[in-house]
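Subject: The protein–RNA model for you to look at

Hi there,

Here is the structure I promised to pass along. Please open it next to this message, and my notes will follow below.

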Amino acid sequence: MKVRTRFAPSPTGYMHIGNLRTALYEYLIAKSCGGDFLLRIEDTDQKRYVEGSTDIIYNTLKTVNMNWDEGPDIGGNYGPYVQSERKSIYKEYAEKLVELGGAHYCFCGAREEESEEDDKVPTKFKDPCKNISLEEAKARVAAGEPYTIRQTINKKGISHFHDEVYGDIEIDYDELDEGVLLKTDGLPTYNFANVVDDHLMEISHVVRGNEYISSTPKYNLIYETFGWTPPVYVHVPQVMKDAQHKLSKRNGDASFQDLVAKGYLPEAILNYIALLGWNPGTDKEIFSLEELKQCFTVERLNKSPAIFDIVKLTWMNGCYIRELSAEKFHELAMPYYEQHLTRRLNLQLLSSVLQPRIETLKDIISQTDFFENLPEYNLDLYVNKKMKTDTEVAKKTLVLSLDILKTVDDWKNEVLFEQLKNLAVANELKNGQVLYPLRIALSGKETTSGGATEIAAILGKDETLNRIEQALQKLG
RNA sequence: GGUCCCAUCGUCUAAUGGUUAGGACAUCACCCUUUCACGGUGGUAAUAUGGGUUCGAAUCCCGUUGGGAUCACCA
């Protein structure tokens, strides 16, 4: 049987990191063995629908290169791939399930939300409509009475199923809730739609969050009643924000697009989340999507929840930035330069200075601010014990540096560095006594990306001389 | 509350009865050095807990504790 997996998000606004990880695992399961990966939009709750969501889903999958073989936009042999367009299919199967005894018509109104205050524990819903005869129910439906179709669970005993990650799970049929399968509006709930669609679309492996473990026996019951074969189940643990809370939109936690906006590279994000709950069994940590396809196996999926660690993602992003070609890095940095820097600078050199030092593209902003405007700084900055400088030394060496720099025409880092090193030697000074004060004069900051001569080279001759003169004035 | 699930350094994890419990991030120290960063070297740091089983347990079993999930006309 061909391996077919699906990513089935609801279009509710944005791409959650946990969802993206689920999609990745689905993609890898299919692609590691030449199977199909498809995209299905689960929009059966029209109340939660958010305009533009499907584009976010498409764009996210495209930017991380997870291409789907079938989907709403490209079609396929199992369409339509949007659940709201499959309404008649669900109705047909729901009615069939009623005939088979796996469901019944229900005329109870929607259950009222229990107020949080009275701490009554949730109890299983006992549906009185279960006892209405099929004939009577059909008559009421024909008469136009609003109805839902609910799952009927008469089975007793223990249900068993196997999960690829959690192993064998046993749940008592008594625990199962006779949930609504087809809503009053004629649309199915997830509980029904996923079963019908996964079967009709010949999905072989269902990957989803482990919060579905407890309802899986209900789905199996539906498969059983229809005489269908259930898929292979792969329940994956949650991605957590901390030990108590899972990552959620409600807490304003990072989504894929938020992370990209914060300067993280899509490849790095994907690499990081692949390792949240899965490991290759080796020490290798940097994986391209292609490499993941080669070595991914469900056996190495983890059972326990994983906390999303932005610090480690940041490190990994730094690795990806350093691996970029100089050209590519410059291209990615350019929008940040354009937005934050107006001064004429040697941007190529700036990129080469920045690339090994930053961890997210957004770091560019804080690392380059002093180029635009020399910040106010305290003269204490010139005092550095290790460099053996203080304001007196600074005054002296800046004068010397200014003189020599005025004569330099070939304004390149190597040339500047050579000149100033020679100057230090000629005056029996340590390199640091010349270079440290110069860097302070040019940047006004205690630490900077790049050394004094690199900064000078980036700034250009005019502004460099200008800032040295300003510094000398400041030093009196 | 019922039911189900989970439990190794702060974090992500490796070790499928025998390891000085390994790696990575973070952190600390040192080296490199034109500040910072990169890079390099080294250090601190974990089997939640109590019982079994076994020659031997992080690993298997039971209890305890802690955490999570679920019990919607949401997915």
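What follows is a short tour of the RNA surface, three helix pairs and two loop residues. Please keep in mind that this is a predicted model.

**Around the RNA**

Let me begin with RNA strand B, which has 67 residues around it. The ones that come nearest are N279, E285, R357, F417 and G450. Which part of the RNA does the protein meet, backbone or bases? Of the RNA strand B atoms within 4 Å of the protein, 68% belong to sugar or phosphate, and the rest belong to bases.

Three polar contacts are worth pulling up on screen, one for each part of the RNA:

- Phosphate: an N or O atom in the side chain of R322 is 3.2 Å from a phosphate oxygen of RNA strand B.
- Sugar or linking oxygen: a polar backbone atom of L275 is 3.1 Å from an oxygen of this kind in RNA strand B.
- Base: a base oxygen of RNA strand B lies 2.8 Å from a backbone N or O atom of G451.

Several elements give two or more residues to this surface. The strands are strand 4 (148-151), strand 6 (167-172) and strand 11 (306-307). The helices are helix 5 (190-200), helix 10 (310-323), helix 15 (413-426), helix 16 (431-443) and helix 17 (452-459). Helix 10 provides the largest share, with 4 residues. Sorted by class, the surface near RNA strand B has 24 nonpolar, 21 polar and 22 charged residues.

**How some of the helices pack**

Helix 10 also packs against helix 8 (residues 266-274), at an angle of about 135° and with the axes 9 Å apart. The two helices are therefore oblique to each other, and helix 8 passes helix 10 in a right-handed crossing. On the helix 8 side, the residues in contact are E267, A268, I269, N271 and Y272. They meet K312, L313, M316, N317 and Y320 of helix 10. This contact has 6 nonpolar, 2 polar and 2 charged residues.

Helix 5, another contributor to the RNA surface, pairs with helix 6 (residues 216-226). Their axes come within 10 Å and cross at roughly 50°, so helix 5 and helix 6 are oblique to each other. The crossing is right-handed. Y190, N191, F192, N194, V195, D198 and H199 of helix 5 meet K218, Y219, I222, Y223 and F226 of helix 6. By class, that contact has 7 nonpolar, 3 polar and 2 charged residues.

The third pair is helix 16 with helix 18 (residues 461-474), packed at an angle of about 100° with axes 8 Å apart. Helix 16 and helix 18 are therefore roughly perpendicular to each other. Here L438, A441 and L442 of helix 16 meet T464, R467, I468 and A471 of helix 18. The contact between them has 5 nonpolar, 1 polar and 1 charged residues.

**Two loop residues to look at**

Where do K388 and E428 sit? K388 is in the loop between helix 13 (363-372) and helix 14 (391-406), while E428 is in the loop between helix 15 and helix 16. K388 has a phi near 60°, a positive value in a residue other than glycine. E428 is not a glycine either, and its phi is positive at about 55°.

If you have just a few minutes, you could begin with R322, whose side chain has an N or O atom 3.2 Å from a phosphate oxygen of RNA strand B, and then go to G451, where a backbone N or O atom lies 2.8 Å from a base oxygen.

Happy browsing, and all the best!

Notes: Residues numbered from 1 in each chain as written. Chains lettered and ligands numbered in written order. Predicted model: local features only at pLDDT ≥ 70, side-chain atom pairs only at ≥ 80, totals over all residues. Heavy atoms only, no water. Near = heavy atom within 4 Å. Polar contact = N/O pair within 3.5 Å; in protein donor to acceptor, adjacent residues only side chain to side chain. Nonpolar A, V, L, I, M, F, W, Y, C, P; charged D, E, K, R; others polar. Axes fitted to C-alpha atoms, helices over the stretch in contact; angles between N-to-C directions. Parallel < 35°, antiparallel > 145°, perpendicular 65-115°, else oblique. Left-handed = near helix turned anticlockwise from the far one by under 90°. Contact = heavy atoms within 4.5 Å.
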